[in-house]
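This report goes through a protein model, beginning with its charged contacts and ending with a patch on its surface.

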Amino acid sequence: MPHPSTTGPVHRLVPAPAGRIHLVEQGSGPLVLLVHGFPESWYSWRHQLPALAAAGFRAAALDVRGYGRSSRPEAVDAYRMTELVADNVAVVEALGERSAVIVGHDWGAPIAATSALLRPDVFRAVGLLSVPYTPPGGPKPSEAFAAMGGPSAGQEFYVSYFQEPGRAEAEIEPDVRGWLAGLYAALSADTMPPSGAPDPHFVTAGGRMRDRFPAGRLPSWLTEEDLDVYAGEFERTGLTGALNRYRNMDRDWADLAAHHGAALTQPSLFVGGALDASTTWLSGAIEAYPDTLPGLSAAHLLDGCGHWVQQERPEETNRILTDWLAALPV
C-alpha cells in the first residue's frame with residue numbers, strides 16, 4: 001500500500017455551520033489547514049499540498065464558504081469573520097483532529113489570524129501569507145477605506161467598490177475569465193503596472209476596476225489551464241459569496257470589539273512579497289510584530305515577488321513552510 005504522502009490529493013465534503021465545506025487533503029501527520037483568499041479557491045495551494053504531505057504533514061486546503069464546492073449561504077452577514085472561524089473549527093473536528101496549524105493567504109490570512117485569536121485551544125500555530133497581522137480595532141473600516149479615495153481624489157478604493165452589493169458583480173460576471181486574468185496580472189511581480197502608472201487598487205469615478213488591469217499577458221505562474229480552473233468555479237458560483245467577505249468588515253469590527261489591540265501569542269510565521277501593496281502599505285504592521293506577534297519565528301519578504309506568494313514562488317514558500325512546521329512543538 002503506498003505511503004499517504006505519495007498518493008494524490010483527495011476531495012472531501014465535511015459538515016460545517018456553512019452547510020458543507022469542500023476541502024482537498026493530502027498526506028498524514030499533524031494537520032495543517034490552508035485557507036485561500038480572494039478571488040481564489042483550494043487550488044491556490046496546489047503546490048503546497050504535495051510538499052507538505054511529503055514533509056510528514058496532513059495538509060487540507062479548503063474552499064472558504066461562498067467559494068467553489070462549499071456551501072453559499074444567501075444572507076450577507078453569513079460571511080462575517082466569526083462564522084468563518086466556526087467553519088474552520090468544524091473542519092478540524094470533521095477531520096477527526098483536536099488541533100491544527102492554520103495558514104492563510106490574502107483574506108485567508110486575517111481569517112487564519114482571527115481563528116487563532118478566538119480559538120487558541122484549536123489552532124496551535126498560525127502562518128500568514130501576504131497580509132500582515134493587524135490586531136482588531138482602529139477606525140471603522142468603511143470610513144477608513146472611504147477616506148482613501150472619494151470625490152476629491154476622483155477615484156475610489158477597491159474595498160469600497162466591492163462593499164456595495166451587486167456593483168462589482170456587474171463588472172466581473174459578464175467576463176469572469178478575462179477579469180480574473182487581469183487582476184492576477186495586476187498584482188503579480190512580472191506583469192504588474194510599472195511604477196507611476198495608475199494604481200489598479202483604485203477605481204476611477206464612473207469607471208471599472210478592470211480599466212487599470214494590464215492586458216494580453218498572463219503572469220508566469222499562471223497557465224491557461226490554471227486560469228480555466230479558477231474561472232470555471234466562479235462562472236458556476238458567481239462572485240457574490242466571495243465578495244460578501246468585504247461586505248462584513250464593519251460587522252467584524254463590532255464583533256471583535258472585545259479583542260481590540262490583542263496580540264496573537266501562538267507560534268507564528270509571516271511570508272510576503274516585497275513588491276506587494278499589502279506589505280508596503282502595511283509596513284507599520286510588520287514593524288509592530290514584536291508586540292503583536294510575540295511568537296513570531298520569522299518574517300520573510302521575498303524579493304521580486306508580488307501578491308500571489310505561494311503560487312509565484314512555490315518552492316521558496318514550501319521550504320519556508322516546511323522548515324517552520326518541522327520546528328513547531330507537537
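In this predicted model, a network of salt bridges links Arg12, Glu25, Arg58 and Glu97. Within that network, Glu25 pairs with Arg58, and their closest N and O atoms are 2.7 Å apart. Glu25 belongs to strand β2 (residues 19-26) and Arg58 to strand β4 (residues 58-62), so this salt bridge ties together parts that are 33 residues apart in sequence. Both partners fall under the 20% cut-off for buried residues: Glu25 has a relative accessibility of 10%, and Arg58 has a relative accessible area of 12%.

The structure holds 19 salt bridges. The table sets out three of them, including the Glu25 pair.

| Salt bridge | N to O distance | Relative accessibility of Glu | Relative accessibility of Arg |
|---|---|---|---|
| Glu25 and Arg58 | 2.7 Å | Glu25, 10% (buried) | Arg58, 12% (buried) |
| Glu164 and Arg167 | 3.6 Å | Glu164, 45% (partly exposed) | Arg167, 28% (partly exposed) |
| Glu316 and Arg313 | 3.1 Å | Glu316, 26% (partly exposed) | Arg313, 23% (partly exposed) |

Glu164 counts as partly exposed because its relative accessibility is 45%, and Arg167 counts as partly exposed at 28%. In the salt bridge of Glu316 with Arg313, Glu316 is partly exposed and Arg313 is partly exposed as well.

The nonpolar interior comes next. The largest nonpolar core has 99 residues, and within this core Phe38 and Phe162 touch the most other members. Apart from neighbours within four places in sequence, Phe38 is in contact with Phe162 itself and with Tyr67, Asp106, Trp107, Trp179, Leu183, Leu239, Ala242, Leu243, Tyr246 and Trp308.

Helix α2 spans residues 81-94 and has 14 residues. From its first C-alpha to its last, α2 reaches 20 Å, close to the 20 Å expected at 1.5 Å a residue. Buried residues in α2 include the nonpolar Met81, Leu84, Val85, Val89, Ala90, Val91 and Val92, but Asp87 and Asn88 are buried too. Just after α2, Gly96 takes a positive phi of about 75°.

On the surface, Met148, Trp281 and Leu282 make a nonpolar patch of about 260 Å². Leu282 is found in the loop between α11 (277-281) and α12 (283-287). With a relative accessible area of 32%, Leu282 is partly exposed. Patch members need over 30% relative accessible area, so Leu282 at 32% meets that cut-off.

Methods: Residues are numbered from 1 along each chain as its sequence is written. This is a predicted model: local features need pLDDT of at least 70, side-chain atom pairs count only at pLDDT 80 or more; totals for chains, interfaces and linings use all residues. Side-chain values use heavy atoms; hydrogens and water are left out. Helices (H or I, at least four residues) and strands (E, at least two) are DSSP runs, numbered from the N terminus. The expected span of a helix is 1.5 Å times one less than its number of residues. Buried means under 20% relative accessible area, exposed over 50%, partly exposed in between (1.4 Å probe, protein chains only). Patches are made of residues with over 30% relative accessible area and no salt bridge: like charges are joined within 9 Å, nonpolar side chains (Val, Leu, Ile, Met, Phe, Trp, Tyr) within 5 Å. Accessible areas come from the Shrake-Rupley method with a 1.4 Å probe; for residues, only the protein chains shown count as cover. A salt bridge is a side-chain nitrogen of Lys or Arg within 4 Å of a carboxyl oxygen of Asp or Glu. A nonpolar core is a set of buried Ala, Val, Leu, Ile, Met, Phe, Trp, Tyr and Cys residues joined through side-chain atoms within 4.5 Å. Contact means heavy atoms within 4.5 Å.
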